[in-house]
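Me: Could you take a close look with me at one part of this model, the place where two helices pack against each other? I would enjoy a connected walk through it, with a word on a strand afterwards.

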Amino acid sequence: MALLASVWKYKRKLREQKPCPNLTALHREHFVSPGMNGFLIVEANGGLNQQRSAICNAVAVAGLLNAILVIPQFEFHNVWKDPSEFGDIYDEDHFISTLDGYVKVVKELPEALMERHNYNVSNITNIRVQAWAPVSYYLGVVSPILQKEGVIRIAPFANRLAMSVPPHIQFLRCLTNYKALKFSSTISALAKKLVYRMIEKSSATDGKYIAVHLRFEEDMVAFSCCVYDGGQEEKLEMDSVREKGWRGKFKRKDRIILPDLNRVDGKCPLTPLEVGMMLRGMGFDNSTSIYLASGKIYHADRYLAPLIKMFPNLYTKESLATPDELAPFMGYSSQLAALDYTVCLISEVFVTTQGGNFPHFLMGHRRFLYDGHAKTIIPDKRKLVVLLDDVSISWKAFKDLMEDMLSESDRKGIMVPRVRKINRKTSVYTYPLPECRCLQQSLANQIDHNLDILDNSNGTKS
């Protein structure tokens, strides 16, 4: 039985909340003259969603410092190797206009400031901010420098702002993530086509499909230091990838690599076969349509075949799009990830297999869109690998335990009240409610939680 329509037993129980503030009053109290104190330049690092986190935090910091934000720059990374700039991934004009009245955003520094620094951004004072820096640090240390210099840089800039910030600054994070960050027209156009084609392929299940984020790319397998086929060829290949991507990081004397312990601890990326076994055990039959979100699968011809055999209705962006449609995006990992992000956002069920920024942002976005329910399968990997390695377990026993795991994942997918002490694990990007509830309400009339999401939420459903 395909469980796409009936898997979710638990429903989100919305609690009585304080009334949302009047946005006009919010403007008058906190955002009267945005940008009075100078210009802020940040350099976002990482992949698509780490950069997304940096952008949201940059807007929040600009609001906190009452600074004018220059469109964030993206650092080129030797692993992702993506030279994309902000405007290649997001709609710059939409970003600027959406934030207008809250945070002033410009595409570049004024000519006078550039001339003062010999037209070299690296000459501008760069402040090295520690990770998760509190509001007090920005107001006490960074703000005086900004007011003195008129322009500052913060690079690198990723998780450089604490999660605990004043409500009006948290609102800026919500506004940026769910309204201002709209994918570029080229990404949105192809993303819409992929979503509709996926829905058409899923006619047997009323257009509903599962999206699986499979982290079984070569670099992920190498970084995990896990062993799969155990052969000498794999070892030499992985040693080469690690040295190329991370130089001597994995050869340091103080670094102890224990592949078996990594697997027992649930730190190894699940193989396509293991993902297929889990889903079949949870009750999803071979008529279920699956969208596979991933980079280039490690030895795909060998490892992907078992999953395709179990789920013949399996699709990827490469199989849904024509070579000509995908050609403009090839070589741009973040733009390809944006296509995957969109198709996963609209899926009935999202399956995360390895963690990371991509699933965390998706879970939060889906919670935001679906009234607090993430509708995500997060397997207990420690328990799962023990069961997968047990050659004596019966299929019935495995299936029963998988259905229990599915039910527990569903229960945890419900948005629960946030603890008073906010830490990294209670990221507003993963758990957007209640902080983003007022923005959610303001968009409620625009979004029907179905295909209109592509037009109104994030440049992502039409």
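**A helix pair and a strand**

Reply: Happy to, keeping in mind that this is a predicted model. Helix H12 (residues 272-282) packs against helix H20 (residues 395-412) at an angle of about 85°, and their axes lie 7 Å apart. Because angles of 65 to 115 degrees count as roughly perpendicular, H12 is roughly perpendicular to H20. From H12, the contact draws on Met277, Met278, Arg280, Gly281 and Met282, while H20 brings Trp395, Phe398, Lys399, Met402, Glu403, Met405 and Leu406. Sorted by character, the residues of this contact of H12 with H20 comprise 8 nonpolar, 1 polar and 3 charged.

Now for the strand. In S1 (residues 39-44), 5 of the 6 residues are buried, so this strand is largely enclosed by the rest of the structure. S1 runs parallel to strand S2 (residues 68-70), with 2 bridges joining them, and Leu40 has Leu69 as its bridge partner in S2. Between S1 and S2 the chain passes through helix H2 (residues 48-65), a β-α-β crossover that is right-handed.

S1 has further partners too. Strand S5 (residues 151-157) is joined to S1 by 5 bridges, again in parallel, and the bridge partner of Phe39 in S5 is Val151. With strand S3 (residues 73-74), S1 pairs in the parallel sense over 2 bridges; there, Glu43 is matched with Gln73 of S3 as its bridge partner.

Terms used:
Residues are numbered from 1 along each chain as its sequence is written. This is a predicted model: local features need pLDDT of at least 70, side-chain atom pairs count only at pLDDT 80 or more; totals for chains, interfaces and linings use all residues. Side-chain values use heavy atoms; hydrogens and water are left out. Buried means under 20% relative accessible area, exposed over 50%, partly exposed in between (1.4 Å probe, protein chains only). Helices (H or I, at least four residues) and strands (E, at least two) are DSSP runs, numbered from the N terminus. Two strands pair if DSSP finds at least two bridges between them. A crossover is right-handed if, with the strands pointing away from the viewer, the path from the first strand over the helix to the second runs clockwise. Axes are lines fitted to C-alpha atoms, for helices over the stretch in contact, and angles run from 0 to 180 degrees between N-to-C directions. Angles under 35 degrees count as roughly parallel, over 145 as roughly antiparallel, 65 to 115 as roughly perpendicular and the rest as oblique. Contact means heavy atoms within 4.5 Å. Ala, Val, Leu, Ile, Met, Phe, Trp, Tyr, Cys and Pro count as nonpolar, Asp, Glu, Lys and Arg as charged, and the others, Gly among them, as polar.
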